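This report goes through a protein–DNA model by topic. The sequence and structure come next.

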Amino acid sequence: MCGRFTLTRNLDAIADTFGTGIAPGLSDHEPRYNIAPTEEAPVVIAAPGGRRAGPMRWGLVPAWAKDVRIGARLINARSETVGTRNAFRESFLARRCLVPADGFYEWEARHAEGPGGKPRVRKQPYWIHRPGAGLFAMAGIWALWSSGPDSRLATFSVLTRDAPDPIRWLHDRVPVILPEDGWTDWLARGTPPEALGDILGSADPPELQLHPVSRAVNRAGYDAPDCIREATPG
DNA sequence: CCAGACGTTGTT
DNA sequence: GTCTGG
DNA sequence: CCAGACGTTGTT
DNA sequence: GTCTGG
């Protein structure tokens, strides 16, 4: 499921929606139409002076990891089990975050014929977003990893849940999207684990729309407005 | 006890 | 670091 | 998530 | 087919 997402709004809009200050590393954020695993994105956490948005790498690297490469496999965490998994539990209990987004992608495998009648699969991407393409908060967890005495890397993972009916035909999992009234408790250090489960379990997904887009988005590293432009599939 | 994994998705 | 499997 | 690689030796 | 990188 959530293997790509968009964040086309500028920093002012993010700061405004999430009530954050901006960490130094974010001052140059440009609209993003194709954020892929291992890339950096702005993430909101609770800080002493209030919420703060700072850059983190997508794909959680636990503190005990010997190698950053584990992060490429830890881009999603199932909300149903995130509290019990070795790789996620500590982050779930102590380091939760909001991942600002205004859309994400899912793919439909279309079976077609290639040259010589050979079967091949065309992967048709769909952009999924709120009506009006407003910002929303994906539930996330994060970790700090040290590769040496002076180098620290902040990484995050996006929580998932069963897809709601309007999306299910396309995909059975979606990111957990937290309503604004759950943000503070989700981010707070002191929220008890039971309450966290309630927040995740009661998070009704917002109304979502989807439409097919150019297969240009399939290529990680291609990041331009036509990633979200409506395309005729097939 | 030690060694090795630590995760999700989708597809059939 | 902590859990699971052998 | 998708796309692209998947490997080593030795030579320049 | 499966793993890695983005």
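## Terms and model

A polar contact is a pair of N or O atoms within 3.5 Å; within protein, one atom must be able to donate a hydrogen and the other to accept it, and residues adjacent in sequence count only if both atoms are side-chain atoms. By that criterion, a side-chain N or O atom of arginine 219 contacts a phosphate oxygen of DNA strand D at 2.8 Å.

The model is predicted: local features need pLDDT of at least 70, side-chain atom pairs count only at pLDDT 80 or more, and totals for chains, interfaces and linings use all residues. Residues are numbered from 1 along each chain as its sequence is written, chains are lettered from A and ligands numbered from 1 in the order in which they are written, and side-chain values use heavy atoms, with hydrogens and water left out. Chain A has a mean pLDDT (the predictor's confidence in each residue, from 0 to 100) of 95, with 99% of its residues at 70 or more. The ipTM is 0.93 and the pTM 0.96.

## DNA strand D

Around DNA strand D there are 9 residues, the closest being Gly3, Arg4, Trp107, Asn218 and Arg219; a residue is near a strand if one of its heavy atoms lies within 4 Å of it. Sugar or phosphate supplies 77% of the strand D atoms within 4 Å of the protein, and bases the rest.

Asn218 places a polar side-chain atom 3.3 Å from a phosphate oxygen of strand D. The side chain of Arg4 has an N or O atom 2.8 Å from a base oxygen of strand D.

## DNA strand E

Arg4, Pro37, Thr38, Glu39, Arg69 and Ala220 surround DNA strand E. Here 21% of the strand atoms within 4 Å of the protein belong to sugar or phosphate, and the rest to bases.

Base nitrogens of strand E lie 3.0 Å from a side-chain N or O atom of Arg4, 3.3 Å from a polar backbone atom of Pro37 and 3.1 Å from a polar side-chain atom of Thr38.

## Helix α1

Helices are DSSP runs (H or I, at least four residues), numbered from the N terminus. In α1, residues 11-18, the buried residues (under 20% relative accessible area, 1.4 Å probe, protein chains only) are Leu11, Ile14, Ala15 and Phe18. They fall within an arc of 95 degrees seen down the axis, so they line one face of the helix; the arc is that of the directions from the helix axis to the C-beta atoms. Asp12 and Asp16, on the other side, are exposed, meaning over 50% relative accessible area.

Asn10 caps the N-terminal end of α1, with a side-chain oxygen 3.2 Å from the backbone nitrogen of Asp12. Gly19 follows the helix and has a positive phi, near 65 degrees.

Terms used
Helices (H or I, at least four residues) and strands (E, at least two) are DSSP runs, numbered from the N terminus.
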